Amino acid sequence: MGIAERKESEKKKMRSRILHAAMKLFLEKGFENVTIRRIAERIEYSPATIYLYFKNKDDILYALYREGFEELYRRQQAILTIKDPLKRLRKHGEVYLSFALDNPEYYDLMFIMRGPIKKIKENEEWEMALRSYEFLKENIKDCVDTSVIRKAKMDVITFSLWSCIHGVASLIIRDRCIMFSEEQLLVIVEAVFDFILNSISQRKK
């Protein structure tokens, strides 16, 4: 590895370190209570170092937001090879839940914490989220167009399905399912997917 490559690698590592520390602090203290100085203290560097990589705290938030939605969208793309629209829709839900469970901190920042979302909304940084929403909406449209699920307004179906899976994801990552063992929860989640799709499916059983 040459000098230029090594420097670039070191920059990427430092940027990742800053983002990781910031995410931890946002979740621990609340977005509004975190400062650049506090992030710098967490990684044991000066605030000036942070400013070499990010303009301000909001810039760090947007970077985390973009990273999270890029990964979610990348995972969503994997379902495109599934021809059957209803099976694709089920896999879509599984991919979404898997993302949440694999990346609970990102999920919390993207979909649960109020502070970050308010800031993102103020600055109209919604493109990444809307892309994932529209992807789900298109998947549902395929199901309606092929008559495998009952017809209704696209946003009604999309929001209904998303909010249901979001609820499952949120309850799990916030440890609100202690009434079930891990094995029981896996079975229940599978049954939830079946229940949701069966309730809107028009296919004969």
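Here are some questions and answers about the chain above, which is a predicted model.

User: What's in the fold, in terms of helices and strands?
Analyst: Going along the sequence, you read α-α-α-α-α-α-α-α-α-α. That pattern goes with a count of 10 helices and zero strands.

User: How big is the box that the C-alpha atoms fill?
Analyst: The box is taken along the principal axes. Its dimensions are roughly 65 × 40 × 40 Å.

User: What share of the contacts links residues 24 or more positions apart?
Analyst: The pool here is the contacts in the chain with a separation of 6 or more. Within that pool, residues 24 or more positions apart account for 70%.

User: What share of the residues is buried, and what share of the accessible surface belongs to carbon and sulfur atoms?
Analyst: The chain has 205 residues, and 42% of them count as buried. As for the surface, the accessible total comes to about 12400 Å². The part belonging to carbon and sulfur atoms is 54%.

User: How far apart are the centres of the positive and negative side chains?
Analyst: There are 37 positive side chains and 31 negative ones. Take the centre of each set, and the two lie apart by 2 Å.

User: Which residues touch the most other members of the largest nonpolar core?
Analyst: That core has 59 residues. Helices supplying at least two residues each include H1 (3-29), H5 (85-102) and H10 (182-200). The residues touching the most other members are Ile60 and Ile149.

User: Which residues is Ile149 in contact with, leaving aside neighbours within four places in sequence?
Analyst: Ile149 belongs to the largest nonpolar core. Among its contacts are Leu86, Ile140, Cys143, Val144 and Ile157. The rest of the list is Ile200, Ser201 and Gln202.

User: Are the rings of Tyr96 and Phe111 stacked or tilted?
Analyst: This is one of 10 aromatic pairs in the structure. The ring centres are 5.8 Å apart and the planes sit at 55°, which falls between the 30 and 60 degree cut-offs, so the pair is tilted.

User: Where do Tyr96 and Phe111 sit, and is each one buried or exposed?
Analyst: Tyr96 is in helix H5 and Phe111 in helix H6, 15 residues apart. Tyr96 has a relative accessible area of 8%, and Phe111 has 19%. The cut-off for burial is under 20%, so both are buried.

User: Why is the pair of Tyr133 and Trp162 called edge-to-face?
Analyst: The ring centres of Tyr133 and Trp162 are 6.3 Å apart. Tyr133 lies in helix H8 and Trp162 in helix H9, so the pair ties together parts 29 residues apart in sequence. The planes are at 75°, over the 60 degree cut-off, and therefore the label is edge-to-face.

User: Is Trp162 buried or partly exposed?
Analyst: Its partner Tyr133 counts as buried at 18% relative accessibility. Trp162 comes in at 26%, which lies between the cut-offs of 20% and 50%, so Trp162 is partly exposed.

User: Which residues form the aromatic cluster?
Analyst: Both pairs discussed above feature in it, with Tyr96, Phe111, Tyr133 and Trp162 among the members. The cluster also includes Tyr65, Phe69, Tyr107 and Phe159.

User: What does Leu25 contact, leaving aside neighbours within four places in sequence?
Analyst: Leu25 is found in helix H1 and counts as buried at 1% relative accessibility. Its contacts are Gly30, Val34, Arg38, Ile39 and Arg42.

User: How far apart are the C-alpha atoms of Leu25 and Arg176?
Analyst: Leu25 and Arg176 are 151 residues apart along the chain. In space, their C-alpha atoms are separated by 22 Å.

Note on methods:
Residues are numbered from 1 along each chain as its sequence is written. This is a predicted model: local features need pLDDT of at least 70, side-chain atom pairs count only at pLDDT 80 or more; totals for chains, interfaces and linings use all residues. Side-chain values use heavy atoms; hydrogens and water are left out. Helices (H or I, at least four residues) and strands (E, at least two) are DSSP runs, numbered from the N terminus. Buried means under 20% relative accessible area, exposed over 50%, partly exposed in between (1.4 Å probe, protein chains only). Contact means heavy atoms within 4.5 Å. Accessible areas come from the Shrake-Rupley method with a 1.4 Å probe; for residues, only the protein chains shown count as cover. Lys and Arg count as positive and Asp and Glu as negative; His and the chain ends are not counted. The place of a charge is taken as NZ of Lys, CZ of Arg, CG of Asp or CD of Glu. A nonpolar core is a set of buried Ala, Val, Leu, Ile, Met, Phe, Trp, Tyr and Cys residues joined through side-chain atoms within 4.5 Å. Rings of Phe, Tyr and Trp (its six-membered ring) pair if their centres lie within 6.5 Å; planes under 30 degrees apart count as stacked, over 60 as edge-to-face and the rest as tilted.
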